[in-house]
There are 4 protein chains.
Amino acid sequence: MNFLSDNAYGAAPEILSALGAANSGVAMPYGEDAVTVRLAKHLEEIFEHELAVFPVVTGTAANALALATLVPPYGGIFCHQESHIAVDECAAPEFFTGGAKLAHVAGEHAKLTPAGIAEALTHYRGGVHSSKPSAISISQATERGTVYNADEIAALSELAKREGMALHMDGARFANALGYLDCKPAAVTWKAGVDVLSFGASKNGALCAEAVIFFDRKHAQELEYRRKRGGHLVSKMRFISAQLEAYLENDRWLSWARTANQHALKMAEGLARNALIEVVEPVQANEIFATFPDSLVAKLRAAGAQFYDWRPSHNGRTLVRLVFSCLTPEADVARFLTLVSS
Amino acid sequence: MNFLSDNAYGAAPEILSALGAANSGVAMPYGEDAVTVRLAKHLEEIFEHELAVFPVVTGTAANALALATLVPPYGGIFCHQESHIAVDECAAPEFFTGGAKLAHVAGEHAKLTPAGIAEALTHYRGGVHSSKPSAISISQATERGTVYNADEIAALSELAKREGMALHMDGARFANALGYLDCKPAAVTWKAGVDVLSFGASKNGALCAEAVIFFDRKHAQELEYRRKRGGHLVSKMRFISAQLEAYLENDRWLSWARTANQHALKMAEGLARNALIEVVEPVQANEIFATFPDSLVAKLRAAGAQFYDWRPSHNGRTLVRLVFSCLTPEADVARFLTLVSS
Amino acid sequence: MNFLSDNAYGAAPEILSALGAANSGVAMPYGEDAVTVRLAKHLEEIFEHELAVFPVVTGTAANALALATLVPPYGGIFCHQESHIAVDECAAPEFFTGGAKLAHVAGEHAKLTPAGIAEALTHYRGGVHSSKPSAISISQATERGTVYNADEIAALSELAKREGMALHMDGARFANALGYLDCKPAAVTWKAGVDVLSFGASKNGALCAEAVIFFDRKHAQELEYRRKRGGHLVSKMRFISAQLEAYLENDRWLSWARTANQHALKMAEGLARNALIEVVEPVQANEIFATFPDSLVAKLRAAGAQFYDWRPSHNGRTLVRLVFSCLTPEADVARFLTLVSS
Amino acid sequence: MNFLSDNAYGAAPEILSALGAANSGVAMPYGEDAVTVRLAKHLEEIFEHELAVFPVVTGTAANALALATLVPPYGGIFCHQESHIAVDECAAPEFFTGGAKLAHVAGEHAKLTPAGIAEALTHYRGGVHSSKPSAISISQATERGTVYNADEIAALSELAKREGMALHMDGARFANALGYLDCKPAAVTWKAGVDVLSFGASKNGALCAEAVIFFDRKHAQELEYRRKRGGHLVSKMRFISAQLEAYLENDRWLSWARTANQHALKMAEGLARNALIEVVEPVQANEIFATFPDSLVAKLRAAGAQFYDWRPSHNGRTLVRLVFSCLTPEADVARFLTLVSS
């Protein structure tokens, strides 16, 4: 019963098969292979827009490279105070940008709002004494398992444009967000004003594959240089691209994400039947945030359930996070619920 | 007939099988999995020394992370003027170190010598006006396919120690060097004074796997932080470690490297029979550097041979590089030689 | 009536005279001159401790260089959310450290407390996913014109030591703080656990002179390199050092600071007589933070008073800041009070 | 007899007087004062072009800030292998640019040529594996006391433009170069294709004053941010600007430079009368490079002459550098020549 993280699970069999298929014969290294070329075309169809795509192996690399391309070293980046770039990447954005400043902004459900950013901006009016506001970064889905709809994104984009800022989306769980929204990828990306997307696959069945996707190719050359000097230009690139290709094929990415989301929903429904448990965030993607009595937490762990305490125990209750992968066994969800209800 | 690069070839079947084997069940992410733990132990046996090992996916990442841990931002790094860190990594060492200076030093066969570095050091006597000499970096095998023996390394190490510098080894083709030297790994690393090794596997049959190996664990924590913020902490680390484990198992790494080296030797012997061709560097690892008449270059390419011009054509002759992988078909070598001799 | 900033005033006549005196004959450049050597000795007497001193021309340089020497690029720095390094230096600490993370901590009167930092530390328990807590930085006097006493500093230092962090003091207004505390410099620096002090003079009568002061000389070499590559090694250093020497001579720095503090106290007493004005921070150094009715703000400005709005107008009242220099004419204070009371 | 460096001398009296004059009353800090505004206008008249000017206190800061604004972190900068940015600034350009690569290019008389750069460029054809060629940086006058004429600069500019590179001029001794060329400042700057000039004054009579001058104001905002976060925005800026204003007034800068140049010429003429001395570089600015018998070097030093050995003694002779300031006493030149000839 592992609900620690979607990356505690391995790779989907289709991903491994794709590696084998990509392994025939020689290929130009550094992304000049046929698979990488095909991948770009396929993504353009899926997103209904020209784009520049850069496969990398971690979400941190994708985020940091994307932001470094959009934000000068003297720039400021507005992000949620619980966002991955703010608290889980060991200041990788600061490293890759050459010292840009992340403004940590509060917001319900780990979501940014125009009002929240507008308030934060009032602290950035010092001319050169403050960093130059340069980008907004949102997570889709968020670190609390919630999802921005197209209107929310467009409102943030409008503010960004007005202030001369770019809009970055950390899509480590982009498929899960789409699975919830049930809309086209374009609707919540470039059509809503997103300039660059960190397109995740590792948390949703891939082995080690993410991609930076720019919706304006003018950034391509800069990203290429930055990826190389960041040590993120994998020589046998075809094996990263092949994962992404298999991921997209037959809409696997969406069906896998829906499976993970359904696990979360099923679990949430079960938890709701226990009055001692409070689910504290809307369950929209593949994560549940809920407070449990500490005694129940201890009992679940004793029975083999694994999950993270999201906040330290307080007044006898603990906020825990449960994460679901497409590879999470349905039986584990059922068994966890049995433990909860018994 | 692809002699462009060892990374034009794919992955050895044993590497792909290892990915499948590593894919069973859940595992702690970020290197806390069982495979990664086993890998460290295995490497300690192979190197006969305690060590700290950090799997990453590119040689550039391995080099840059290793150097950033040893060299302050105000430091100077002495390397060969043709070394990979000097000319093929888009200034990744400068990026990861925060702006250290690479001193490009000349030397026959792409090898550094104590005399060469001593001469370069005379330009670094300006106190704080110059960078602080902090590390020597050597490539084993070198970018010209040559190999340092243990005494040569020890002599460089002695100079390094005397000047308060660390010694880094770029071992993207370390197995090929060992295959030539036919000695134990310890003999040309820590026993010869090497502080940190970029241990390559991708060019010798792996899919995307390299490792930073420190022979003093005191550097471990710093490297861990730097790897994370460089975006090089792969979440499903077991899949990188599994490649390295399979690579080491049954001394595959050494037998694969010997195969590649033998291809090079066989080709070199064949080329020697053509008086119009001059092999200009000792063939010690898996690369050949030779000058060909331009007409022969054209004929070979017309027949489907792929290889890089290492220097532009000059006086009707071109310096070309031929690289061999353990996966290079023996028939390709034979066919190339037939073309050369006909 | 200029209460905008202590740096709106020029230099004290004694400082200018010192420049003239330092201008006789030749001198070794880059800090190897006699004045700089004397300065170091004088500071050691004043601080009753061996130290390494590095004159620079701005407080931002002093802070950023000091922090970069103590904090690795992957480090975290705990500072008040209103501190100069957090909001007024355009992310210079992030630049000089190579991307360290500033954790903005709240606290009354712009002061940090052990409890506040302990709370912030709970967000830095992610191993390499978070920055490594590396330093606490306090401002003495603070950005709200308040002053830490020796016990408060010692308590922060104790926490710092326990957590493996260094303690930095931004002393842009250190003389003003000492003037209030009426204690020896040692009592609130190294004796209280401060590792490095940014010793300010520009805001208190100097032309352009600050100094980084380390209380452990082991950091000296690193700071020297960093100062040079930051472009902060002034060639004719004697002219910076001469300002600092004149500043210290005959305890001028302390008497000047006391003059500025007395201006602030006198103004605060006067303001207290107007029930419409609320002084919102203890007046301990040379700054006053008070809320005024907007109508009064307008009237004062119309009469020629200059000062900054510290927060935008809210409910008809504005938080303003009034700053006093030793060079502020006493008549200006009197005239301002007359305007306020009429 | 001090010929060590032009910065071993102090400040001209007119510079010190200007500081006193600037010290009357209050002034807006951070460059919004009247002197700084006037300075910009005066420089526009002198250069006959709109420009953006940024006073700083060191040449290293001017160079590093200028280059960081023109060159991306993944960029390459072509400079002479003996240039100040290459060997005397402790890798400040690498620091400020975020890790750009300096390509050290050879060239007679410490001057770059289009042919030299074209050759160097052949090593930068690796796509993203090499840094992106982004700027050429020349020193005017050079580190060997030689001077580029307008045609030489235009030829370099032409190459720069063709390759998409900017052209930077390190003018630490710009006045000395102009004094030699006897042309208008415009002729060897923007009219010859220079994008940005590090305009020096410290080596020619100022106390601590240099300026970054962009001939296209579009770079102004970026430079402002970079200057602030580099700690180079001096709060009481009027005192830096006042030095530059006094420097320019009545063409003092040019007459001072001519004085220094004349010292050099007079010395060179005298040295030429001693057959044992060989002046090895054309004497065009305020420096002499000459080889002396070691015995003569010893004799001169014993008599109190101070100067640097530029290269270690070789075959009984040493290459020495003699530098002249406008403040060098004429008697010192005469006395040195007497020693040489006796």
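Select chain A and chain B together and look for salt bridges across their interface: there are 0 between these two chains. Polar contacts do occur here, with 25 residue pairs joined in this way across the interface of chain A and chain B, both residues at pLDDT 80 or more. The model in the viewer is a predicted one.

**The side of chain A that touches chain B**

Keep both chains displayed and select the helices of chain A. Five of them, α1 (13–22), α3 (59–70), α5 (92–97), α9 (220–229) and α10 (238–248), each supply at least two residues of the side of chain A that touches chain B. By class, that side of chain A comprises 26 nonpolar, 14 polar and 7 charged residues.

Next, select every residue in contact between the two chains. The selection should hold 47 residues of chain A and 47 residues of chain B. Between them, chain A and chain B bury about 3,900 Å², and carbon and sulfur atoms account for 62% of that area. Now show Phe95(A), Arg229(A) and Lys236(A) as sticks: these residues lose the most area to chain B in chain A, and together they make up 20% of what that side buries.

**The axis relating chains A and B**

Superpose chain A on chain B. A turn of 180 degrees, with a shift of 0.0 Å along the axis, lays one on the other with an RMSD of 0.0 Å. This is the relation of a two-fold axis. To locate the axis, centre the view on Gly230(A), whose C-alpha lies 3.5 Å from it and comes closest among the residues of chain A. Of the interface residues of chain A, 100% are also interface residues in chain B, so the copies meet through the same surface.

**The contact between chains C and B**

Hide chain A and bring chain C into view beside chain B. Which residues should be selected first on chain C for their share of the area buried against chain B? Chain C and chain B bury about 1,800 Å² between them, 61% of it on carbon and sulfur atoms. Tyr74(C), Val128(C) and Tyr225(C) supply 40% of the area that chain C buries against chain B, more than any other three residues.

Extend the selection to the whole contact, which takes 20 residues from chain C and 20 residues from chain B. The interface of chain C and chain B has 0 salt bridges, while 8 residue pairs are in polar contact, both residues at pLDDT 80 or more. Then select helix α9 (residues 220–229) of chain C, which gives the most to the side of chain C that touches chain B, with 7 residues. Coloured by class, that side of chain C shows 7 nonpolar, 7 polar and 6 charged residues.

**The axis relating chains C and B**

Superpose chain C on chain B: a rotation of 180 degrees with 0.0 Å of shift along its axis achieves this, at an RMSD of 0.0 Å. Centre on Gly98(C), whose C-alpha is the nearest to the axis in chain C, at 3.0 Å. Here 100% of the interface residues of chain C are also interface residues in chain B, so these copies meet through the same surface.

**Confidence**

Finally, colour chain A by pLDDT. The average for chain A is 97, and 100% of the residues score at least 70. The model scores ipTM 0.96 and pTM 0.97.

Methods: Residues are numbered from 1 along each chain as its sequence is written. Chains are lettered from A and ligands numbered from 1 in the order in which they are written. This is a predicted model: local features need pLDDT of at least 70, side-chain atom pairs count only at pLDDT 80 or more; totals for chains, interfaces and linings use all residues. Side-chain values use heavy atoms; hydrogens and water are left out. Contact means heavy atoms within 4.5 Å. Buried area is the accessible area (1.4 Å probe) that two parts lose on being put together, summed over both. A salt bridge is a side-chain nitrogen of Lys or Arg within 4 Å of a carboxyl oxygen of Asp or Glu. A polar contact is a pair of N or O atoms within 3.5 Å; within protein, one must be able to donate a hydrogen and the other to accept it, and residues adjacent in sequence count only if both atoms are side-chain atoms. Helices (H or I, at least four residues) and strands (E, at least two) are DSSP runs, numbered from the N terminus. Ala, Val, Leu, Ile, Met, Phe, Trp, Tyr, Cys and Pro count as nonpolar, Asp, Glu, Lys and Arg as charged, and the others, Gly among them, as polar. Copies are superposed by least squares on the C-alpha atoms of residues with pLDDT of at least 70 in both. pLDDT is the predictor's confidence in each residue, from 0 to 100.
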